[in-house]
Amino acid sequence: MASTGPTTQRFARTAQAARSERAQKVAKWVFGAMALAMVAPLIGIVTYLLYRAWPSLGWEFLVDLPRKGMREGGIWPAFVGTLYLVTISLAVAAPIGVLAAIYLNEYARDNWFNRLINLAVINLAGVPSIVHALFGLGAFVYAAQFGFSILSASLTLAIMTLPVIIASTREALASVPRAFREACWNVGATRWQTIRAVVLPNSISGILTGIILQVSRAAGETAPIMFTGAVFYKAVQRGDLFPYRLGDQCMALSMHLYTVSTQVPNVKESIPYATAIVLLGSVLLVNATAIAARVFMRRRKRW
Amino acid sequence: MSGPGELSIITRGLNLYYGAFQALSDISVGIRRGLITSMIGPSGCGKTTLLRCFNRVNERYDYVRTTGEIIVLGRNIYDPDVSLIELRKSVGMVFQRPNPLPVSVYENVVFGLRIHSDRSALKRADLDVAVEKALTEVGLWKDLRDRLKVKATTLQLEQQQKLCIARLLPLKPEVILMDEPCSALDVEGTRGIEELMFELKGRYTIVIVTHNMAQARRASDESIFMLMGKLVEHAPTEDLFLNPKNPKTLEYIEGRYG
């Protein structure tokens, strides 16, 4: 090759290019590994739980009462208690949260008052659950005189989930294209008509998902209900779906898990694991329903 | 303005502020009934803002403050007893990107009727008539008569845009505002919309904002040139493009800036 001519082929890989490509490969593997590292523990946990829980699992375990000082038997009162707490808390939090989010997203103008509300919502979402527990104790148990009861515990959980429901609902509302709203405004629709005819139908799946995701949070929290209405043990009818009244105290799965794991000696080994599986299983079941509902509603809306 | 024909829209000394920013200053203009008036000018000159003033939909977007008068169809639209609902029924708008609602073609057309009437007052037969009439008026009836149940967002863009125009018609508007209605469409689609505008002209007053000077030139009767929130020149389209009075208009239509 002549000394004046090009010394390399055109577009050949230079050292610099090779380094860039190597770095790119490394980055891809690192990120991929992290994604995998996130899934692996989940699978590990579930497998381990199932393995340890196996001896106790079964229909009997679900519908039976805890026996012999919670060392044997099932978890029915705790299971139903969690159902009560989650259902009532979401029945309170969901309407308030959704309506508040609609106000904040569709009506509120950008002024200091609404910015203050926003700030409050964001900060409330970050408050530790133990603080909510204390608040619930002071506000519902003592000040409102609901006592240690399902009502107090549910309201405390509702206060805790409310800000997250507001935030997720706002996100769902904000994802509705503005073009749809413009279309309505320009045929003379009021804001409310716009919300009802266009915004809600197109965001309802996102709103529901946000609410249902809070089921797992409400079901899993221990501190707020421990302070306000959940007890170690409460006898109910085996398999009874409506054993509690609003003013009663109740058992709950999260609390029960804590009790049988740490507070009671000589518990049959598989019982805490089986309790965890029931808690996890019911939450996953609810979430799966949510996903199914979402997929179903998605299929109807396409823009 | 001289000549026959009354004015559909009149503004007098209109100023508009977004917060501290003045987007329109001292606009006084008269838009003639039954004609197509185009508004041209570089980006940010205020033409869309002015268009949105005509049915006060501006107020839904930002903090806006307006001073001056806007008289639409003989009525000052800032009078306290003016209902925005009634105003927007008479003054409809079409947007850059066609924005059919994600429901059927049929429901899109009757959307306005459903909003503005009691459920019990709407007879299926009346709605059917309204749909046929509106779709016929925009030239979609032949293509879509058997596809009324189809979701509107699956139509071609040109059909979507025509449907957006058809959606206004059952409310019997008198003014149709168009905000760059062809900018998302191809050549064929643009031609289709422009031909439709000629069809609708006369029955409706049409105001169209466009970036496309050639479109303003071939599709409008009068043109308004705006710059930096001010109205620079308003003349019959032919005059504005052939004999612009203002040197800034000349420079713009020659493409020296924009």
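User: Which residues of H6(B) are met by residues of H3(B) in this model?

Analyst: In this predicted model, the H3(B) side of the contact is supplied by Val105(B), Asn108(B) and Val109(B). The residues of this helix-helix contact, taken from both H3(B) and H6(B), divide into 4 nonpolar, 1 polar and 1 charged. On the H6(B) side, the residues that are met are Leu163(B), Ala166(B) and Arg167(B).

User: At what angle do the axes of H3(B) and H6(B) cross?

Analyst: Two packed helices are described by the distance between their axes and by the angle between them. For H3(B) and H6(B), the axes come within 7 Å, and the crossing angle is roughly 35°.

User: How many residue pairs are in polar contact between chain B and chain A?

Analyst: The two chains meet through 27 residues of chain B and 24 residues of chain A, and about 2100 Å² is buried between them, 58% of it on carbon and sulfur atoms. The rule finds 0 salt bridges across this interface. Counting pairs in which both residues have pLDDT 80 or more, the number in polar contact is 5.

User: Is Thr161(A) buried or exposed?

Analyst: Thr161(A) lies in helix H6 of chain A, which spans residues 150-174. Leaving aside residues up to four places away in sequence, Thr161(A) touches Leu90(A), Ala93(A), Gln214(A), Arg217(A) and Ala218(A). Because its relative accessibility is 0%, and the cut-off is under 20%, Thr161(A) counts as buried.

Key: Residues numbered from 1 in each chain as written. Chains lettered and ligands numbered in written order. Predicted model: local features only at pLDDT ≥ 70, side-chain atom pairs only at ≥ 80, totals over all residues. Heavy atoms only, no water. Contact = heavy atoms within 4.5 Å. Buried area = accessible area lost by both parts, 1.4 Å probe. Salt bridge = Lys/Arg side-chain N within 4 Å of Asp/Glu carboxyl O. Polar contact = N/O pair within 3.5 Å; in protein donor to acceptor, adjacent residues only side chain to side chain. Helix = DSSP H or I, 4+ residues; strand = E, 2+ residues; numbered from the N terminus. Buried < 20%, exposed > 50% of the residue type's maximum accessible area, 1.4 Å probe, protein only. Axes fitted to C-alpha atoms, helices over the stretch in contact; angles between N-to-C directions. Nonpolar A, V, L, I, M, F, W, Y, C, P; charged D, E, K, R; others polar.
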